[in-house]
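These entries record what I looked up, residue by residue and element by element. I began with a question of burial and then turned to the annotated site and its surroundings.

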Amino acid sequence: MSDPNSPHIKKRDTPPWGLYQRENFLKINKRETPPFNTHPVQLEKLAQQTLSRNGWLYASSNAGLSHTHLANRQAFYRHKIVAPQLIDTNERSMRTTLFGHQVAAPFGLAPIGINKIYHPQAEVPVAKVAGELGIPYCLSTAGSTSIEAVAQANDTGRAAKAEARVPDGPRFFQLYMPHDDELTISLLTRAHASGFTACMLTTDTWQLGWRHDDVATSNYAFYRGIGADLGLTDPIFKKRLSEKGIDPDKQPAEAATLWIDTIWHGRAWSWDKAVWAHKKWQEISGGKPFLVKGIQRVDDAQKAADLGFEGIIVSNHAGRQIDGAIGSLDALEEISEKVGDRLVVTFDSGVRGAADIVKALALGAKFVFIGRLWVWGLSIMGEQGVRHVLKGLLADLDILQCVGGIRNIGDIKKSLLQSQPKGYSLIPERSKL
């Protein structure tokens, strides 16, 4: 199936992740099987069985009728990989660079908040496993663990790496910007002090999109006093609580409500304020990169480049914010053609496997973020679940490179794809993939 004694393995600059397939096949000889099936549909089913009703509804909910969520998947379907054969991929590499950092693979973990509703240890096991595997991690401002504790967990994972060929890569902090400049500066300062090497401003979530299932079940963890730990550990926010006479120990719901109403406040920012945040981050961090997340239009991408932002994330928040939108991959194709040489174009929304990562890279993304896959793994089995999902994805990509004629990530070009015209056919009301 795969020879662990191949002389080429030692010459590779990345671990032979594909051997994880062999490892799982051999488990049966020890009367074992792998932890669970990593097919996205099976992951969803297992997560639904494991999570509380509220946890499942929040993790799976999308804006409106879920048509943007489905459009994301349709956009992937119209591109097909046409793999060259008889290419020597024996010493292939999964490494790439991102903002000057070597990274072990061309994908990282997208920012997802309120991990406490998915697992009692919240963001800690996710950050730890990401560090262990050399996968860039991004912490959400809506995280349910302090910035400092997440950074420590990520560093613990990095220190535990068994493979010298796994570089650390960057650590991202995702900013939901409050209408409180002193608090914003405090969050950015804490992120920099904790070793976060890049910041991204999310621009499509001044408040949550209309998600029917969550509204119908009053399903909002913060309003029940759950998941505001990142804010409750901030010195400026503690001052705001004191000013309003709120004791977070005795009034957890009131404290968590004030926190989330401060960062998902329903008051839109403009480009001027994004420029201000960029400047403040660079002053605090000594010039580290700042990205704008939520870009779907060419003119917005050009604006970001004109204003000097170091990067963008082409994203529609995985279909959770605006219903009836185009697939994010369709947006990527145009945007990368227009501004790919002016700033770092990264991508998220709808990624479900290695083939999707390759398609996004072929269409111009320099890096890809994944979300729901690791959330399902966390929900199913905590740290072990996240590790199994991520090692499976690394193996999937390694094997695709092996059999698909891809020596290096830089070899992934648009010529690798055969693409149909854009189009969204009549669809079922909801897609499970």
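**Entry 1. Ser66.** I took buried to mean a relative accessible area under 20%. The model is a predicted one. I looked up Ser66 and found a relative accessibility of 1%, so Ser66 counts as buried. Ser66 is in the loop between α3 (53–60) and α4 (67–77). I also noted its backbone: phi of Ser66 is near 70°, which is positive although the residue is not glycine.

**Entry 2. His317.** Which residue does the "active site" annotation cover? In the UniProt record, an unreviewed entry, that annotation covers His317. I noted that such annotations may be inferred rather than shown by experiment. I located His317 in the loop between β9 (311–314) and α14 (328–339). Is His317 buried or exposed? Its relative accessible area is 14%, and this is under the 20% limit, so His317 is buried. Phi of His317 is near 60°, again a positive value in a residue other than glycine.

I then listed what His317 touches, leaving out residues up to four places away in sequence: Tyr176, Thr202, Asp204, Thr205, Lys293 and Ser349. Two side-chain polar contacts were entered for His317. One, of 3.0 Å, joins His317 to Asp204; another, of 3.1 Å, joins His317 to Thr205.

**Entry 3. Thr205.** I followed the second of these contacts to its partner. Thr205 is in the loop between β7 and α8 (212–216). With a relative accessibility of 1%, Thr205 counts as buried. Beyond four places in sequence, Thr205 touches Tyr176, Trp264, His317 and Gln321. Tyr176 therefore appears in the contact list of Thr205 as well as in that of His317, given that contact means heavy atoms within 4.5 Å.

**Entry 4. Strand β6.** I next examined β6 (residues 171–175). How many of its residues are buried? I found 5 of its 5 residues buried. In a regular strand the side chains alternate between the two faces of the sheet. On one side of β6 I recorded Arg171, Phe173 and Leu175, and on the other Phe172 and Gln174; all are buried, and both faces are thus covered.

I then looked up the partners of β6. Strand β5 (residues 137–140) pairs with β6 in the parallel sense, over 4 bridges. Tyr137 has Arg171 of β6 as its bridge partner. Between these strands the chain passes through helix α6 (residues 147–159), and this β-α-β crossover from β5 to β6 is right-handed. Strand β7 (residues 198–202) also runs parallel to β6, joined by 4 bridges. Here Phe173 has Cys199 of β7 as its bridge partner.

**Entry 5. Helix α7.** The unit formed by β6, helix α7 (residues 181–193) and β7 is a right-handed β-α-β unit. What span should the 13 residues of α7 have at 1.5 Å a residue? The expected value is 18 Å, and the end C-alpha atoms of α7 are 18 Å apart, which agrees.

I listed the buried residues of α7 as Leu183, Thr184, Ser186, Leu187, Leu188, Arg190 and Ala191. An α-helix has 3.6 residues a turn, so residues three or four places apart point the same way. After α7 comes Gly195, with a positive phi near 85°.

**Entry 6. Thr262.** I found Thr262 in helix α11 (residues 252–263). Its relative accessible area of 17% is under 20%, so Thr262 is buried. A polar atom of the Thr262 side chain lies 2.5 Å from the backbone oxygen of Leu258. Leaving aside neighbours within four places in sequence, Thr262 is in contact with Pro178, His179, Leu183 and Phe237. One of these, Leu183, had already been entered among the buried residues of α7.

**Entry 7. Phe309.** I closed with the loop between α13 (298–306) and β9, where Phe309 lies. Phe309 has a relative accessibility of 3% and counts as buried. Which residues does Phe309 contact, neighbours within four places in sequence aside? I recorded Trp271, Ala274, Val275, His278, Phe290, Val292, Ala304 and Leu343. I also entered a separation from Thr205: the C-alpha atoms of Phe309 and Thr205 are 19 Å apart, and the two residues are 104 residues apart along the chain.

Definitions and conventions:
Residues are numbered from 1 along each chain as its sequence is written. This is a predicted model: local features need pLDDT of at least 70, side-chain atom pairs count only at pLDDT 80 or more; totals for chains, interfaces and linings use all residues. Side-chain values use heavy atoms; hydrogens and water are left out. Helices (H or I, at least four residues) and strands (E, at least two) are DSSP runs, numbered from the N terminus. Buried means under 20% relative accessible area, exposed over 50%, partly exposed in between (1.4 Å probe, protein chains only). A polar contact is a pair of N or O atoms within 3.5 Å; within protein, one must be able to donate a hydrogen and the other to accept it, and residues adjacent in sequence count only if both atoms are side-chain atoms. Two strands pair if DSSP finds at least two bridges between them. A crossover is right-handed if, with the strands pointing away from the viewer, the path from the first strand over the helix to the second runs clockwise. The expected span of a helix is 1.5 Å times one less than its number of residues.
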